[in-house]
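Q: I would like a close look at a single part of this model, followed by an account of how that part sits in its surroundings.

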Amino acid sequence: MGIYLNPGNQGFREAVSSQIYVDKTEMISYTNRVLGTKQKYVCVSRPRRFGKSMAAEMLTAYYEKDSDSDQLFENLKIKHDVTYETYKNKYSVVFLNIQNFLSRTHDITKLKSLIEKSLLRELKREYIVLNYDGLKDSIVELLSGGRKKINTNTFSNDMTTFHTADDVLTLLIHLGYLGYDFSRKEIFIPNSEIASEFCNAIEAAGWKNIVMSIKKSDTLLQDTWDKKNENVALGISEAHMETSILTYNDENALSYTIALAYYSAREYYQIFRELPAGKRGCRYCIFAS
């Protein structure tokens with residue numbers, strides 16, 4: 001449940017519980033009839049104070065998939081409509097009150113940017129929460145500074161049809177949250193700002209172990225500076241267990257674990273996963289910037 005994406009039914013609940021409430025749920029009967037038709041784009045145009053916001057909250061409460069609004073509509077007219085059960089709480093809903101954004105800027109370009117940034121942030125979290133097969137491993141690999149080869153050809157070019165983790169990752173490319181190397185067909189996180197957005201998203205998704213490893217990286221880095229060998233060894237060992245979704249004895253998994261364990265180090269150092277191969281090659285190196 002977010003602020004703009006699937007915000008819940010609390011707004012309509014307050015309206016129904018108010019001392020004065022007029023049942024306008026028959027509007028839902030109309031919107032149900034035009035769903036999936038050429039008439040599906042609806043503009044509800046009314047003067048100020050004629051209940052546009054309440055109508056939007058009512059539609060959100062009825063359609064939003066993350067809520068159970070059956071009790072809210074129990075004694076209202078829509079309950080007796082033949083389409084009532086067909087569409088109730090079956091969809092993802094975006095609820096935007098433009099006045100909230102206008103209070104922050106009247107510049108149309110900045111307004112558009114604010115809306116895009118706010119909505120895309122929540123969309124990204126929503127798709128990460130879906131956690132299709134292998135998605136968590138891929139996100140960990142990317143946060144660790146790695147790259148991942150994906151198949152973008154299975155993407156359906158919409159925001160609702162997903163069959164694999166690659167489909168979700170391809171959408172994140174389109175949303176601007178992942179870079180894509182066309183020659184190698186690899187994805188990567190392009191900068192530290194977007195990496196921070198991914199950290200926020202996985203925390204919202206409940207990936208506690210991964211988030212804990214990243215949060216402990218400040219302490220591990222300080223212990224490394226202070227040459228507290230035992231603390232460093234313990235910190236890396238704990239990070240390995242916290243990222244145990246990866247293959248435990250795999251060489252790449254170990255490098256990803258170290259990268260997450262030293263996540264804070266990228267603020268001070270350049271990190272290379274591997275130097276050129278050779279007898280004296282090094283698998284994981286951190287250099288001062």
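Is Tyr-30 buried, partly exposed or exposed, and at what relative accessibility? Please take the helix that holds Tyr-30 as the part to examine, and then turn to the cores and the cysteines.

A: The model is a predicted one, and what follows should be read as a description of that prediction. Tyr-30 counts as partly exposed because its relative accessibility is 37%, a value that lies between the 20% under which a residue is called buried and the 50% over which it is called exposed. The residue belongs to helix H2, which spans residues 26–34, and together with Val-42 and Val-44 Tyr-30 makes a nonpolar surface patch of about 230 Å².

Other residues of H2 are covered: Met-27, Ile-28, Ser-29, Thr-31, Asn-32 and Val-34 are buried, and the buried residues of this helix pack against helix H3 (52–63) and helix H4 (84–87). After H2 comes Gly-36, whose phi is positive, near 75 degrees.

Turning to the nonpolar cores, the largest has 40 residues, of which Leu-143, Leu-169, Phe-198 and Ile-202 touch the most other members. The elements that contribute two or more residues to this core are helix H6 (108–130), helix H7 (135–143), helix H8 (165–174), helix H9 (192–204) and helix H10 (208–215). Apart from this core lies another, of 17 residues, and Met-27 of H2 is among its members, as are Phe-12, Ala-61 and Leu-72.

Within the largest core, Leu-169 can be followed through its contacts: when neighbours within four places in sequence are left aside, Leu-169 is in contact with Leu-135, Ser-138, Ile-139, Leu-142, Ile-150, Leu-178 and Ile-187. Several of these partners, including Leu-135, Ser-138, Ile-139 and Leu-142, are buried residues of H7, where Val-140, Glu-141 and Leu-143 are buried as well. Because seven of the nine residues of H7 are buried, this helix is largely enclosed by the rest of the structure. H7, for its part, is followed by Gly-145, with a positive phi near 90 degrees.

The cysteines can be treated briefly. Cys-43 counts as exposed because its relative accessibility is 69%, whereas Cys-199 is buried, with a relative accessible area of 13%. The count of disulfides comes to zero, the criterion being a pair of cysteine sulfur atoms within 2.5 Å.

How values were computed
Residues numbered from 1 in each chain as written. Predicted model: local features only at pLDDT ≥ 70, side-chain atom pairs only at ≥ 80, totals over all residues. Heavy atoms only, no water. Patch = residues over 30% accessible without salt bridge, like charges linked within 9 Å, V, L, I, M, F, W, Y side chains within 5 Å. Areas by Shrake-Rupley, 256 points an atom, 1.4 Å probe, with all protein chains shown as cover. Salt bridge = Lys/Arg side-chain N within 4 Å of Asp/Glu carboxyl O. Helix = DSSP H or I, 4+ residues; strand = E, 2+ residues; numbered from the N terminus. Buried < 20%, exposed > 50% of the residue type's maximum accessible area, 1.4 Å probe, protein only. Contact = heavy atoms within 4.5 Å. Core = buried A, V, L, I, M, F, W, Y, C linked by side-chain atoms within 4.5 Å.
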